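Reader: I'm new to this one and would like a close look at a single part. Could you take me through it slowly?

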Amino acid sequence: MYKCGSGGTPKSTNKDFYDGDIPFLGISDITKSNGFINNTEKHISSDGLNSSAAWIVSKGAISLAMYASVGKLAILNIDAATSQAFYNMIFDDYDLRDLVYQRLNKANELSEWNKLISTGTQSNLNADKVKNFQMYLPKNHDEIKLISTFFKKIDNAIALHQRKLDLLKEQKKAFYKRCSFRVYNYKIAPKNTFKTALKTGVQMEYKYDNMD
């Protein structure tokens with residue numbers, strides 16, 4: 001590992017510290033991510049960065065949430081600063097990074113962090129607990145690459161199907177917007193008049209038999 005550590009947050013009362021050019025990773029960003037961060041909701045300025053413990057976490061790093069969505073992690077696809085809610089890990093070996101990512105993801109999926117979480121007004125981890133989390137990794141780099149590549153292929157397959165699912169959901173919404181539904185009172189409609197026209201932009205009519 002090349003560099004690691006938590007981030008920091010500029011004072012929210014100083015407007016000059018925000019809406020700058022530096023992406024600023026927040027809990028909401030990682031909560032809704034699919035394992036990768038391509039953009040962030042908030043941005044900070046250079047003054048905001050320099051006034052706080054925040055630092056630029058380089059593209060390719062792992063960011064792990066220590067507050068709120070405890071244990072959830074993602075790989076940064078952009079250079080970004082983060083709040084103190086994250087423990088950030090920069091690697092000079094992407095095969096090792098990918099294997100560490102999978103191991104930490106396993107810890108999240110199997111709730112391994114629970115025994116380390118501090119309870120109080122808000123359950124959270126801290127940098128020391130993450131830093132001291134023990135994991136056993138192969139010494140042979142070829143084995144590291146083999147394992148990391150295996151899980152990456154699975155993640156890519158999941159991402160592909162997720163994109164297809166998201167596309168189908170958007171298409172469904174589009175069909176809803178372009179179709180109108182008119183429902184007749186089944187007590188008034190004559191029997192055997194069920195009619196459906198499933199064509200884009202065509203009005204759809206539903207007449208129900210009198211059940212009395």
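At what angle do the axes of helix H3 and helix H5 cross?

Author: Happy to. A quick note to start with: this is a predicted model, where local features need pLDDT of at least 70, side-chain atom pairs count only at pLDDT 80 or more, and totals for chains, interfaces and linings use all residues. Numbering starts from 1 along each chain as its sequence is written, and side-chain values use heavy atoms, with hydrogens and water left out.

Now to your helices. The axes of H3 (residues 94-109) and H5 (residues 141-178) cross at roughly 60° and come within 8 Å. Axes here are lines fitted to C-alpha atoms, for helices over the stretch in contact, and angles run from 0 to 180 degrees between N-to-C directions. Helices are DSSP runs (H or I, at least four residues), strands are too (E, at least two), and both are numbered from the N terminus. H3 and H5 are therefore oblique to each other; that word covers what is left once angles under 35 degrees count as roughly parallel, over 145 as roughly antiparallel and 65 to 115 as roughly perpendicular.

Who does the touching? Contact means heavy atoms within 4.5 Å. On the H3 side you'll find Asp 95, Leu 96, Asp 98, Leu 99, Tyr 101 and Gln 102, and they meet His 141, Ile 144, Lys 145, Ile 147, Ser 148, Phe 151, Lys 152 and Asp 155 of H5. Sorted by class, that contact has 6 nonpolar, 3 polar and 5 charged residues. The classes go like this: Ala, Val, Leu, Ile, Met, Phe, Trp, Tyr, Cys and Pro are nonpolar, Asp, Glu, Lys and Arg are charged, and the others, Gly among them, are polar.

H3 has another job to look at, in the largest nonpolar core, which has 18 residues. Such a core is a set of buried Ala, Val, Leu, Ile, Met, Phe, Trp, Tyr and Cys residues joined through side-chain atoms within 4.5 Å, with buried meaning under 20% relative accessible area (1.4 Å probe, protein chains only), exposed over 50% and partly exposed in between. Strands S5 (62-65), S6 (73-76) and S8 (86-90) each give two or more residues to this core, as does H3. H3 gives the most, with 4 residues. Among the residues with the most contacts inside the core are Leu 104, Trp 113 and Leu 125. Leu 125 touches Leu 64, Trp 113 and Val 130, among others, not counting residues up to four places away in sequence.
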